[in-house]
Amino acid sequence: MLHVSTRLCVSRLGLPVHALSSRCAGTLSKAEARERRCQLFDEEKKRQRSQLGRIEKIEVKYQAPDEEAVMVMNRNISTPYDCARHVSESVAKTSGIALVNGRVWDMHKPFTDNCELQFVTLQSPRVAAVNYAFWRTCSLILGAMVDTAFKDDIRVHLHSFPAPVIRSGSFTYDVFIDLPDWQPTVSELRAMAASFCILKNRGLLLERLEVPCNVALDMFQDNPFKSEQIPNIAKNSNNNRVTLYRLGDHIDISKGPMVGNSGVIGRVSMSAVHKLVNGPVEGLYRIQGVALPKGILLNHFAFSILENRAKKLNTATWQPHTEEETVAINVTASLN
């Protein structure tokens, strides 16, 4: 846990400073807010399951370079991850995303009809979507780490993370931290990287759930920034819903996709923290990191080049889910 002094909450949202301080304070501790969100997540998941009614069977045709199979699964319940476990535990652990009828699909998103299924690992570079899912997941884990890194007397609110731009050289998360002019030391960056590694080494699943706007607002009522973003996110979605991902006891908003589990992430470094002078909200810090997929090894010198590149301010901008991210996928590429 980082030990730093407490300062006042300041913002540029057009409200008096005293109102902003009260608004940013919240009524629950960080641990209580996480517990409450998880409870609401479980309740909504249970509610949606109860509304399915009669369970219908579908056929999923699994395709791999050296194997094919037809699995009988449950419509709107079974997921690619369930199919992967039928194939082997290794496939379940190493698959980053799925292709369902050639479309990118979360490992934990239920099937909706008969389909063809392929799995994509982080060693499948010609399927570009898996790289974007990897970086997006790193951003989500970064947010989970930061949310628990500070003592409760320091106000911390997750704001957002931009769509991954791989050529930028770093994954990011923008966070409001009630510490004007905070400049973390090298040891603090290392402590953050160690906390990140603890999370990713647990091999946690990235659960996915679409919820109505009012449920999302209830979940994030303690976060003033996400409370403002949620109505716009829901309005610009196809079904007026918000997509959530849960990693352990951490829940965040993202249109996804994410990788199947945090265990596919290998070497990680926290490269820099930049204060956003012209950000959408005053008091935001852009926290940046760089990571490699598990199984991809670089020597110290080569990785240090990536670290140095990732120290430069990542200028990617956050968009409130108004446009779909375009990802190039070569569906006919071999998955060897």
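Here are a few friendly notes on one sheet of this predicted model and the helices that pack against it.

1. Start with the overall layout. The sheet is open and has four strands, arranged in the order 6-7-12-11 with antiparallel pairing. Strand 6 (156-160) and strand 11 (265-275) sit at the edges, each pairing on one side only. From one strand to the next, the twist averages 30°.

2. Now walk across the pairings. Strand 6 and strand 7 (residues 171-177) are antiparallel and share four bridges; here Ser160 stands opposite Asp174 of strand 7. Strand 7 then pairs with strand 12 over six bridges, again in the antiparallel sense, and Val175 faces Tyr285 in strand 12. Finally, strand 11 and strand 12 run antiparallel and are joined by eight bridges, with Ala272 opposite Gln288 of strand 12.

3. Strand 12 deserves a look of its own. Of its 10 residues, 10 are buried. In a regular strand, side chains alternate between the two faces of the sheet. In strand 12, Leu284, Arg286, Gln288, Val290 and Leu292 point one way, while Tyr285, Ile287, Gly289, Ala291 and Pro293 point the other way. Both sets are buried, and Arg286 and Gln288 are among them.

4. Which strands does helix 5 lie across? Helix 5 (residues 129-149) crosses strand 6, strand 7, strand 11 and strand 12 (284-293), and runs at about 25° to strand 7. Helix 8 (residues 224-235) also packs on the sheet, where it touches strand 6 and strand 7. The direction of helix 8 makes about 30° with that of strand 6.

Definitions and conventions: Residues are numbered from 1 along each chain as its sequence is written. This is a predicted model: local features need pLDDT of at least 70, side-chain atom pairs count only at pLDDT 80 or more; totals for chains, interfaces and linings use all residues. Side-chain values use heavy atoms; hydrogens and water are left out. Two strands pair if DSSP finds at least two bridges between them. Helices (H or I, at least four residues) and strands (E, at least two) are DSSP runs, numbered from the N terminus. Axes are lines fitted to C-alpha atoms, for helices over the stretch in contact, and angles run from 0 to 180 degrees between N-to-C directions. Contact means heavy atoms within 4.5 Å. Buried means under 20% relative accessible area, exposed over 50%, partly exposed in between (1.4 Å probe, protein chains only).
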